[in-house]
Amino acid sequence: MIIIGEKINGAIPSIKKAIADRDAELIRQRSVAQTEAGAHFLDCAPGTVPELEYEAMKWLIDTMQEATDTPLCIDSPNALLLKRILEEGRVKKPGMVNSVNEEGTKCETIFPLIAGTDWQVVGLTCDQDGIPADPGKKVDIARRIIDKADRYGVKLKNLHIDPCVMALATVPSSMRDFERCIREIHAYAPDVRVTGAVSNISFDMPARKYINANCMAYALRAGLDSAIMDPCSIDMMSTIYACEALCMADKGGRKYNRAYRQGKIGVKK
């Protein structure tokens with residue numbers, strides 16, 4: 001399971017303030033905490049207004065790289081900004097680009113830059129009409145993104161398709177739809193990974209952690225490969241380790257037992 005730490009995102013009020021105030025200490029603390037909790041990538045998402053995003057992204061990248069060697073997931077809706085960051089070589093090691101989709105020329109802008117490299121990329125199942133509610137349409141968009149990645153020479157194992165998990169409060173079939181997308185994307189392109197921001201499913205629900213943890217369990221059973229999530233959540237990490245043991249991805253529960261001994265899962269003390 002590939003974990004993309006979600007805790008450095010300008011949509012989070014404390015991070016928004018830290019970016020505006022250039023509070024490097026908070027960003028360093030979040031970077032180290034997520035790394036120590038087991039994140040494989042760290043989301044680096046300024047989430048600021050367009051005219052300030054480039055400078056904020058540069059500052060975040062430099063600050064996070066000073067704190068940890070964990071690869072970054074540079075995250076912006078602006079493909080041209082991501083292109084500029086990639087071309088400048090500011091990121092020290094290949095990480096992840098979040099995201100491309102079928103809106104405009106985002107795939108055509110990013111895919112040539114990462115073709116043949118170790119950079120990974122997230123593809124969202126949306127287009128010029130937004131995020132479709134129909135899972136079949138999401139899978140159709142996923143197929144188009146996958147085909148483009150293949151044509152441009154992007155390693156399919158480095159492509160993560162995000163079916164855009166819908167909120168259970170507004171779409172009662174959201175879990176079933178998510179599972180369908182995971183299975184059908186894997187059936188179309190087995191090398192491609194499927195990811196998701198799992199916590200989206202619990203938006204506007206009470207006791208969200210229970211919805212999130214059980215969504216993760218069902219999604220892992222369906223074949224989820226990576227997730228944009230909080231690695232510092234004992235509940236979520238416990239669910240991942242337990243599911244991997246139960247599904248025999250962790251035969252004999254060795255990783256589960258080691259994580260328990262290290263205090264990464266179980267009851268928070």
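A pocket is here an open set of grid points with protein on both sides within 12 Å along at least five of seven lines, and its volume is the space filled by probe spheres set on the points. In the predicted model examined here, the second largest pocket encloses about 210 Å³ of space. Its lining comprises 14 residues, and Glu6, Ser199, Asn212, Asp230 and Met236 are those nearest the centre. Helix α8 (208–222), strand β8 and helix α9 (234–246) each contribute at least two residues to this lining, with the largest share, three residues, coming from α8. By class, the lining of the second largest pocket consists of five nonpolar, four polar and five charged residues.

The largest pocket holds about 690 Å³ of space. It is lined by 25 residues, of which Asn9, Asp75, Asn98, Ala197 and Asn200 lie nearest its centre. Strand β4 gives the most to this lining, with three residues. Eleven of the lining residues of the largest pocket are nonpolar, eight are polar and six are charged.

Enclosed space was also examined. One cavity of 30 Å³ or more was found, and the volume of the largest cavity is about 60 Å³. Its walls are formed by Lys138, Pro163, Cys164, Val165, Met166, Ser174, Asp177, Phe178 and Cys181. Helix α7 (residues 174–188) is the main contributor to this lining, supplying four residues. The lining of the largest cavity contains six nonpolar residues, one polar residue and two charged residues.

The strands are arranged in an open sheet of eight, in the order β7-β6-β5-β4-β3-β2-β1-β8, with parallel pairing. Strands β7 (193–194) and β8 (226–229) form the edges, each pairing on one side only. Within the sheet, β1 (residues 2–5) and β2 (residues 41–44) are joined in the parallel sense by two bridges. Gly5 has Leu42 of β2 as its bridge partner. Strand β8, an edge of the sheet, is also among the elements that each supply at least two residues to the lining of the second largest pocket.

The loop between β1 and α1 (13–21) contains Ile8. This residue counts as buried because its relative accessibility is 0%, below the 20% limit for burial. Residues up to four places away in sequence being excluded, Ile8 is in contact with Ile15, Ile27, Arg30, Ser31, Gln34, Asp43, Cys44, Ala45, Leu60 and Met64. One of these contacts, Ser31, is separated from Ile8 by 23 residues in sequence, while the distance between the two C-alpha atoms is 7.7 Å.

Helix α6 (residues 135–152) was compared with its expected length. At 1.5 Å a residue, its 18 residues should span 26 Å, and the end C-alpha atoms are 26 Å apart, so the two values agree. The buried residues of α6 are Pro135, Gly136, Lys138, Val139, Ile141, Ala142, Ile145, Ile146, Lys148 and Ala149. The recurrence of short sequence intervals may be read against helix geometry. An α-helix has 3.6 residues a turn, so residues three or four places apart point the same way. The cover over the buried residues of α6 includes strands β4 (96–102), β5 (120–127) and β6 (159–162), together with helices α5 (106–114) and α7. Lys138, one of the buried residues of α6, also belongs to the lining of the largest cavity. Helix α7 thus appears in two settings, in the cover of the buried residues of α6 and in the lining of the largest cavity.

Notes:
Residues are numbered from 1 along each chain as its sequence is written. This is a predicted model: local features need pLDDT of at least 70, side-chain atom pairs count only at pLDDT 80 or more; totals for chains, interfaces and linings use all residues. Side-chain values use heavy atoms; hydrogens and water are left out. On a 1 Å grid over the protein atoms alone, a cavity is a set of points where a 1.4 Å probe fits but cannot get out, and a pocket is an open set with protein on both sides within 12 Å along at least five of seven lines; lining residues have an atom within 4 Å of a point. Ala, Val, Leu, Ile, Met, Phe, Trp, Tyr, Cys and Pro count as nonpolar, Asp, Glu, Lys and Arg as charged, and the others, Gly among them, as polar. Two strands pair if DSSP finds at least two bridges between them. Buried means under 20% relative accessible area, exposed over 50%, partly exposed in between (1.4 Å probe, protein chains only). Contact means heavy atoms within 4.5 Å. The expected span of a helix is 1.5 Å times one less than its number of residues.
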